[in-house]
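Visitor: Before we discuss the model, please show it. I shall then ask on what grounds particular terms are applied.

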Amino acid sequence: MKHNKKTNAVRILDGLGIKYRIAEYEVDENHLDAVTVAAKTGMPSGQVFKTLVARGDRTGVIMAVISGDAELDLKALARASGNKSVAMVHLKEVLPLTWYIRGGCSPLGAKKDYPVYLDESSGKFEEIAVSAGQRGMQLILSPEDLKRAANAAVAPISRA
């Protein structure tokens, strides 16, 4: 299932032979949130997952992948990742750390292989969407395949 726009995330999935679909949508700079993306791709907002970049006091940078309509639980993420505390990375740090911009941050193919934590709510769905690594492009795949591709740990890290 090749696609003409080869982001790092797409290359990783192709390399692993993982099946996925791509959903493209018009980007609105003022509305980069997952709920808006869900509306534009025709998916329920609970199935469109956002990738957040955080920093643990012990592990350093980590990525959290949670449902678009949920909120990251920093204490739960700290527990899941073996940290005492976790804080969100400042927006201006996201690009130098990951090579991704806000609204286009993927759990796959970042600058470094950061630990990825996927919220357990992903298991409720046959497929979820995550950023393909650029604005206007979502990867749709099974949570199991995302877990395998990102080497993600699954944990309860969000709250509605």
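Visitor: Why is Trp99 called exposed?

Guide: This is a predicted model, and the value comes from its atoms. The relative accessible area of Trp99 is 54%. Exposed requires over 50%, so Trp99 qualifies. The residue lies in the loop between α4 and β6, and its phi is positive, about 75°, although it is not a glycine.

Visitor: Which class does Asn151 fall into, buried or exposed?

Guide: Asn151 has 70% relative accessibility. Because the limit for exposed is over 50%, Asn151 counts as exposed. Asn151 is found in the loop between α5 and β9 (153-155). Its phi is also positive, near 50°, in a residue other than glycine.

Visitor: What makes the pair Arg21 and Glu127 a salt bridge?

Guide: The closest N and O atoms of Arg21 and Glu127 are 2.8 Å apart. The cut-off is within 4 Å, so the pair is a salt bridge. This pair links distant parts of the chain: Arg21 is in strand β1 (residues 21-24), Glu127 is in the loop between β6 and β7, and 106 residues separate them in sequence. Side chains of opposite charge can pair when their charged atoms come close.

Visitor: Why are Arg21 and Glu127 called partly exposed?

Guide: Arg21 has 41% relative accessibility and Glu127 has 27%. Partly exposed is the class between buried, under 20%, and exposed, over 50%, so the term applies to Arg21 and to Glu127.

Visitor: How do you know that Arg55 and Glu93 meet in a salt bridge?

Guide: Their side chains come to 3.0 Å, N to O, and the definition asks for within 4 Å; the pair therefore meets it. Arg55 belongs to strand β2 and Glu93 to helix α4, 38 residues apart. Arg55, at 33%, is partly exposed, and so is Glu93, at 27%.

Visitor: On what grounds is the pair Arg159 and Asp73 a salt bridge?

Guide: The closest N and O atoms of Arg159 and Asp73 are 3.6 Å apart, and the cut-off is within 4 Å, so the pair is included. Arg159 lies in strand β10 (residues 158-159) and Asp73 in the loop between β4 (71-72) and α3 (74-81), so the salt bridge ties together parts that are 86 residues apart in sequence. Salt bridges that share partners join Glu71, Asp73 and Arg159 into one network. The whole structure has 6 salt bridges.

Visitor: Why is Asp73 called buried, whereas Arg159 is called partly exposed?

Guide: Asp73 has a relative accessible area of 18%. Buried means under 20%, so Asp73 is buried. Arg159, at 38%, counts as partly exposed.

Visitor: Which residues have the most contacts inside the largest nonpolar core?

Guide: That core has 30 residues, and those with the most contacts inside it are Leu13, Leu108, Val130, Leu139, Leu141 and Leu146. Elements giving two or more residues to it include α1 (8-16), β7 (128-134) and α5 (143-150). A second, separate core of 12 residues includes Ala64, Leu72, Ala78 and Val86. In soluble globular proteins, nonpolar side chains tend to be buried together.

Visitor: How many cavities of 30 Å³ or more does the search find?

Guide: The search finds 1, with a volume of about 40 Å³. Its lining has 4 nonpolar, 3 polar and 4 charged residues; among the lining residues are Tyr25, Asp28, His31 and Arg135.

Terms used. Residues numbered from 1 in each chain as written. Predicted model: local features only at pLDDT ≥ 70, side-chain atom pairs only at ≥ 80, totals over all residues. Heavy atoms only, no water. Core = buried A, V, L, I, M, F, W, Y, C linked by side-chain atoms within 4.5 Å. Buried < 20%, exposed > 50% of the residue type's maximum accessible area, 1.4 Å probe, protein only. Helix = DSSP H or I, 4+ residues; strand = E, 2+ residues; numbered from the N terminus. 1 Å grid on protein atoms, 1.4 Å probe; cavity = no way out; pocket = protein on both sides within 12 Å on 5 of 7 lines; lining within 4 Å. Points joined across faces, edges and corners; volume = space filled by probe spheres on them. Nonpolar A, V, L, I, M, F, W, Y, C, P; charged D, E, K, R; others polar.
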